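Subject: Structure handover

Hello,

I am passing on the structure we spoke about. Please open it first and read the notes beneath it afterwards.

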Amino acid sequence: MLLFLSVPQPRPPGARTRAGAARVARWRRQRLQQLRRLRGLLRGLRGRPVAGSWRRDRMALCGQAAGAASLPSELIVHIFSFLSAPDRLRASASCSHWRECLFYPALWPQLRICLRVSPAEQPRLEFLMRKCGWFVRELRVEFAAENYLSGGGGGPGNGGRADTGTGGEEVEALQLSTRWLEVLRTYLELVLCVLVSIRNNRNLQKFSLFGDISVLQQQGTLSNTYLSKVDPDGKKIKQIQQLFEEILSNSRQLKWLSCGFMLEIVTPTSLSSLSNSIANTMEHLSLLDNNIPGNSTLITAVELERFVNLRSLALDFCDFTAEMARVLTDSNHVPLQRLSLLVHNVSVMHKSLDNMPNDEHWKALSRKSTSLRVYIMAFDIKSEDMLKILKPSIPLERIHFDSYITCVSGAIVDLISRQYDKFLTHFILMNDVIDTSGFPDLSDNRNEDPLVLLAWRCTKLSLLAIHGR
């Protein structure tokens, strides 16, 4: 190494020309900086102290002690890019310098958060959203309240179940009511925390919000009773809705919007906040909320005409009308690849199935979108309504029955196996009732089991799940 330093350096090109004078001076300064760095490295190898910051935080060479602050920020960011998100959060507690590097925007292009609806989650959520909310590009937040419909919400042990008679039932109902109020109050605070942190994020490309599925099962009671107690004037709900619309209006790169099973976040006017340029580039749209009363819908056929590049759509089945199917078959729309439809007893009771697409509409949509596959999720729907919904030309790939009451008959299973044998890959049947005597209701004196015939006829079937208790 010393012999290398003693060799004379060659004359830089252009040294004898006037035009190269500036380049020569620049070249000499660069060479001088390189020599200084090399001398500093040699001093470190010899164990000599180096001036400046190198004396305070020496590099870990030849077994000597080193300080973390001696590494350049760019190098720390590159090293931490190999860590998983939970490990990055743990490492951010080491020191302020690491914390600054660990929340560099390049390390958090995607953020997926699964939250328990609990007050303990709020400080951690606020910290994470404060650090990443203003620059994250893909954000997915899932809310899950734990056991608030079970005995866990009624206190320790068996809660109010130890009492007998009318008094015990009243105690248990009071405990459940108190638990519901606490859950909803915390839920509103967590939602506000998420929306406030991303209200000015113009780089957001994917935004997904998912609520607990059991909220959907109890939504009618919640909206009319518990939610009015937690937010009597409706100020928080109105603030949440305004923030959601503000996020949509500020977006400049949004291509994925999904909001499912959230309480009163999306309104029939929310999508009007999207500019035409963003609506024209949107690729995925999911709006699942059966709490809209009467004939109101979250999106109309006229508004759907703006989403010409939509490849995936998820809606309540009662909102997917024949006019929407016609809009999706227009030549200016790209072919739709996936259509997810939610069929719920509450929605069917308040809305009509008269405007749903008929078999001809499904044929036209399948001709336009040759790779289209449909996913249907049914909650507590009656058998006669399912027979109206299951048109022969639907390219049904997945169907999921989930109910508190028995609603699946052998005739429905047989119809599915005959009509969708070329497409069906997933069949899921779940029931959450204690009495399983009629689960599923296949007692019509058949010699063949409809589920066995389903598995035999549907050659592409990859999942057949039956769950009950």
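The notes below cover a few places in the chain, one after another.

Please keep in mind that this is a predicted model.

Strand 9

Strand 9 covers residues 396-403, and seven of its eight residues are buried. On one side, strand 9 pairs with strand 8 (residues 373-379); the two are parallel, and six bridges connect them. Strand 10 (residues 426-431) is also parallel to strand 9 and is joined to it by six bridges.

Asp402 is a convenient residue for finding these pairings on screen. Its counterpart in strand 10 is Met430, while Phe379 lies opposite Asp402 in the pairing with strand 8. The route from strand 8 to strand 9 passes through helix 17 (residues 383-389), and this β-α-β crossover is right-handed.

Two residues with positive phi

Most residues other than glycine have a negative phi. Two residues here go the other way.

Asp380 has a positive phi, near 50 degrees, and is not a glycine. Asp380 sits in the loop between strand 8 and helix 17. Is Asp380 buried or exposed? Its relative accessible area is 12%, and the cut-off for buried is under 20%, so Asp380 counts as buried.

The other is Phe261, whose phi is positive at about 60 degrees, again in a residue that is not a glycine. Phe261 belongs to the loop that lies between strand 4 and helix 12 (276-281). With a relative accessibility of 13%, Phe261 is buried.

Trp256

Trp256 is part of strand 4, which takes in residues 256-260. Trp256 is not counted as buried, because its relative accessible area is 31%, which makes it partly exposed.

Which residues does Trp256 touch, leaving aside its neighbours within four places in sequence? They are Gln205, Lys206, Phe207, Ser208, Met282 and His284. With Ser208 there is also a polar contact between the side chains, at 3.2 Å. Gln205 shows how the fold brings separate parts of the chain together: Gln205 and Trp256 are 51 residues apart in sequence, yet their C-alpha atoms are 6.3 Å apart in space.

If you want a place to start, select Asp402 and look at its partners Phe379 and Met430. After that, go to Trp256 and its side-chain polar contact with Ser208.

Regards

Note on methods. Residues numbered from 1 in each chain as written. Predicted model: local features only at pLDDT ≥ 70, side-chain atom pairs only at ≥ 80, totals over all residues. Heavy atoms only, no water. Helix = DSSP H or I, 4+ residues; strand = E, 2+ residues; numbered from the N terminus. Buried < 20%, exposed > 50% of the residue type's maximum accessible area, 1.4 Å probe, protein only. Contact = heavy atoms within 4.5 Å. Polar contact = N/O pair within 3.5 Å; in protein donor to acceptor, adjacent residues only side chain to side chain. Pairing = 2+ DSSP bridges. Right-handed = clockwise from strand over helix to strand, strands pointing away.
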